[in-house]
Amino acid sequence: MPLNPKLVLKGGKEKHIRHGHPWIFASAIERVEDSPQPGWTADVVTYDGRWVAKVGYSPKSQLRARVWTLNEGEEVDAAFFERRIRSAIGVREKIGRMDPQGACRVINAEGDRLPGLVVDRFADVLVVQINSSPMEYWRETILNALEAALSPRGIYERSDSDNRGKEGLDKRVGWVRGEAVDADIEITEFGAVFGVDVVQGHKTGFYLDQAENRALVREWSSDARVLNCFSYTGGFSVQAALGGAKEVVSVDSSQPALDLSAANFARNSLGEDERFTHWCSDVFKALDSLRDEGRVFDLVILDPPKFASAGAHVERALHAYRKLARAGIPLVAPGGVMLTFSCSGAVTPEAFQKSVTLALSDNHRRGRILKRLAAATDHVTDFGFGEGAYLKGLAIEIE
Ligand code: SAH
């Protein structure tokens with residue numbers, strides 16, 4: 001077995017790794033032996049020489065290494081990536097998300113023990129995002145393994161996250177395997193048809209993490225008046241309309257997103273229907289003016305963009321969640337339901353719930369939690385890596 005370069009940890013810094021957390025920060029490392037290059041595999045050992053893990057090395061980043069395996073006998077080679085990728089696909093097959101016309105997250109980075117790699121499937125197209133220098137090192141191997149396992153029509157690379165800068169990597173986007181497919185791809189998600197623009201769309205093209213919550217909205221929309229705030233391309237709105245809503249108001253500050261939403265209504269034979277309206281506005285302004293008009297809805301959805309991008313912004317973000325919920329609650333009819341979300345990984349579910357509690361009390365209203373919501377099941381999370389559970393939400397019945 002070839003000897004790997006070695007990272008020697010400071011005392012006690014192996015514990016979280018053994019519990020399944022895959023990140024090793026520069027501050028935990030006592031010394032590095034044998035000058036590994038970016039992406040090389042290294043052995044991590046305790047300060048007194050006990051073996052801990054094989055990791056991918058990232059010399060430019062404060063996040064200096066990511067765990068590949070806690071099994072000393074496991075080689076990190078092409079077969080290793082093929083195994084992990086096939087295992088990830090197997091999970092999506094098990095949970096019924098590999099229908100050919102559908103879409104799902106096939107590989108959820110740390111959650112699938114492939115740190116720094118996201119792969120989303122939109123029908124027969126894959127979108128790949130590589131966020132770390134060790135994953136970049138294995139890029140060709142990964143693209144080969146994905147092609148062999150899934151035979152996609154095309155693979156589009158969207159390695160455009162800001163994280164790449166911290167890893168010393170340039171951004172890279174474009175069709176990298178197979179055909180350059182028309183960027184507007186049609187997918188079916190829990191009975192609704194959506195267009196996905198893998199080139200221009202947010203994230204890898206679509207918010208797949210909300211798929212199951214959108215399906216829940218469909219179940220709860222029968223005969224309901226629905227207000228969908230931060231509606232983007234109409235994911236929740238279309239499902240509400242398909243679920244029998246008698247009115248759906250979609251609010252977003254992006255006119256192009258609203259145009260795509262209208263196109264998605266049309267795709268589901270719901271176009272040109274005056275019950276379904278799109279409103280280009282700042283959500284806070286829209287909520288205030290709806291309240292001033294005395295409007296109420298049976299279902300109000302608040303799915304804002306990330307309010308906290310780092311731990312340092314948590315307090316400000318919690319204040320913003322409270323302010324948003326405070327503005328949304330008056331629009332919920334007595335006995336109606338509000339679905340409110342936070343996709344800020346740095347905000348804990350407990351802190352988020354507190355912000356909603358305060359917003360209810362600001363409005364002198366009482367609420368009951370019907371359901372705690374999270375990212376869809378295909379966004380698997382690994383034990384020991386709490387950061388993976390970034391999306392949290394509450395479905396609340398408000399008296
Ligand atoms: N719920 C959507 C995803 C929402 S993404 C889905 O299921 O697909 C967040 C959206 O919020 C984006 O479309 C963005 O344009 C919009 N947005 C951000 N800030 C806003 C604001 N202050 N007012 C209105 N829309 C806003």
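# Helix pairs, cores and single residues

Reader: Which hand does the crossing of α6 and α7 have, left-handed or right-handed?
Author: The crossing of these two helices, α6 and α7, is right-handed; please keep in mind throughout that this is a predicted model.

Reader: At roughly what angle do the axes of α6 and α7 cross, and within what distance do they come?
Author: The axis of α6, which covers residues 211–219, and that of α7, which covers residues 235–242, come within 7 Å and cross at roughly 30°. Because of that angle, α6 is roughly parallel to α7.

Reader: And which residues make the contact?
Author: On the α6 side these are N213, R214, V217 and R218, while α7 brings G235, F236, Q239, A240 and L242. Sorted by class, the contact of α6 with α7 has four nonpolar, three polar and two charged residues.

Reader: Staying with α6, which of its residues are buried?
Author: The buried residues of α6 are A211, N213, R214, A215, L216 and V217. N213, R214 and V217 are also named in the contact with α7.

Reader: What covers those buried residues of α6?
Author: The cover includes the strands β12, β17, β18 and β19, the last of these being residues 367–374, together with helix α7.

Reader: Changing topic to the largest nonpolar core, how many residues are in it, and which touch the most other members?
Author: There are 38 residues in that core, and the ones touching the most other members are F122, I185, I187, V226, V248, I301 and L339. Among the elements that each supply at least two of its residues are the helices α6 and α7 and the strands β9 (125–130), β12 (184–189) and β18 (332–342). Helix α7 gives the largest share, which is four residues.

Reader: What is F122 in contact with, leaving aside its neighbours within four places in sequence?
Author: With those neighbours left aside, F122 is in contact with G102, A103, V127, I185, I187, V196, V198, T204, F206 and L208. I185 and I187 are themselves listed with F122 as residues that touch the most other core members. Apart from this core lies another one, of 32 residues, among them C229, V249, F297 and A327.

Reader: OK, back to helix pairs, how do the axes of α2 and α4 cross?
Author: Helix α2 (residues 78–94) and helix α4 (residues 139–150) have axes that come within 9 Å and cross at roughly 45°, and that angle makes α2 oblique to α4. The crossing of α2 and α4 is right-handed.

Reader: Which residues make that contact, and how do they divide by class?
Author: From α2 come A78, F81, E82, I85, R86 and I89, and from α4 come T141, I142, A145, L146, A148, A149 and L150. The residues of this contact of α2 with α4 divide into 10 nonpolar, one polar and two charged. As general background, an α-helix has 3.6 residues a turn, so residues three or four places apart point the same way.

Reader: And is the crossing of α9 and α10 left-handed or right-handed?
Author: The crossing of α9 and α10 is left-handed. Their axes, for residues 283–292 and residues 314–328 respectively, come within 9 Å and cross at roughly 30°, and therefore α9 and α10 are roughly parallel to each other. The contact is made by V283, F284 and L287 of α9 with K323, L324, A327 and G328 of α10.

Reader: Now single residues, is V118 buried or exposed?
Author: V118, which is found in strand β8 (residues 117–122), counts as buried at 9% relative accessibility. Not counting residues up to four places away in sequence, V118 touches R105, I107, A109, V127, V128 and Q129. Of these, V128 is 10 residues from V118 in sequence and 5.9 Å from it in space, C-alpha to C-alpha.

Reader: E397 is charged on paper, so to speak; why does E397 count as buried?
Author: E397 counts as buried because its relative accessibility is 16%, and buried means under 20%. E397 is found in strand β20 (residues 392–398), and, with neighbours within four places in sequence left aside, E397 is in contact with G335, G336, V337, R366, G367, R368 and L370.

Reader: Last one, what is phi of K203, and what is phi of E272?
Author: Phi of K203 is near 50°, a positive value in a residue other than glycine, and phi of E272 is likewise near 50°. K203 sits in the loop between β13 and α6 and, at 34% relative accessibility, counts as partly exposed. E272 lies in the loop between α8 and β16 and counts as exposed at 88% relative accessibility.

Key. Residues are numbered from 1 along each chain as its sequence is written. This is a predicted model: local features need pLDDT of at least 70, side-chain atom pairs count only at pLDDT 80 or more; totals for chains, interfaces and linings use all residues. Side-chain values use heavy atoms; hydrogens and water are left out. Axes are lines fitted to C-alpha atoms, for helices over the stretch in contact, and angles run from 0 to 180 degrees between N-to-C directions. Angles under 35 degrees count as roughly parallel, over 145 as roughly antiparallel, 65 to 115 as roughly perpendicular and the rest as oblique. A crossing is left-handed if the near helix is turned anticlockwise from the far one by less than a right angle, and right-handed if clockwise. Contact means heavy atoms within 4.5 Å. Ala, Val, Leu, Ile, Met, Phe, Trp, Tyr, Cys and Pro count as nonpolar, Asp, Glu, Lys and Arg as charged, and the others, Gly among them, as polar. Buried means under 20% relative accessible area, exposed over 50%, partly exposed in between (1.4 Å probe, protein chains only). A nonpolar core is a set of buried Ala, Val, Leu, Ile, Met, Phe, Trp, Tyr and Cys residues joined through side-chain atoms within 4.5 Å.
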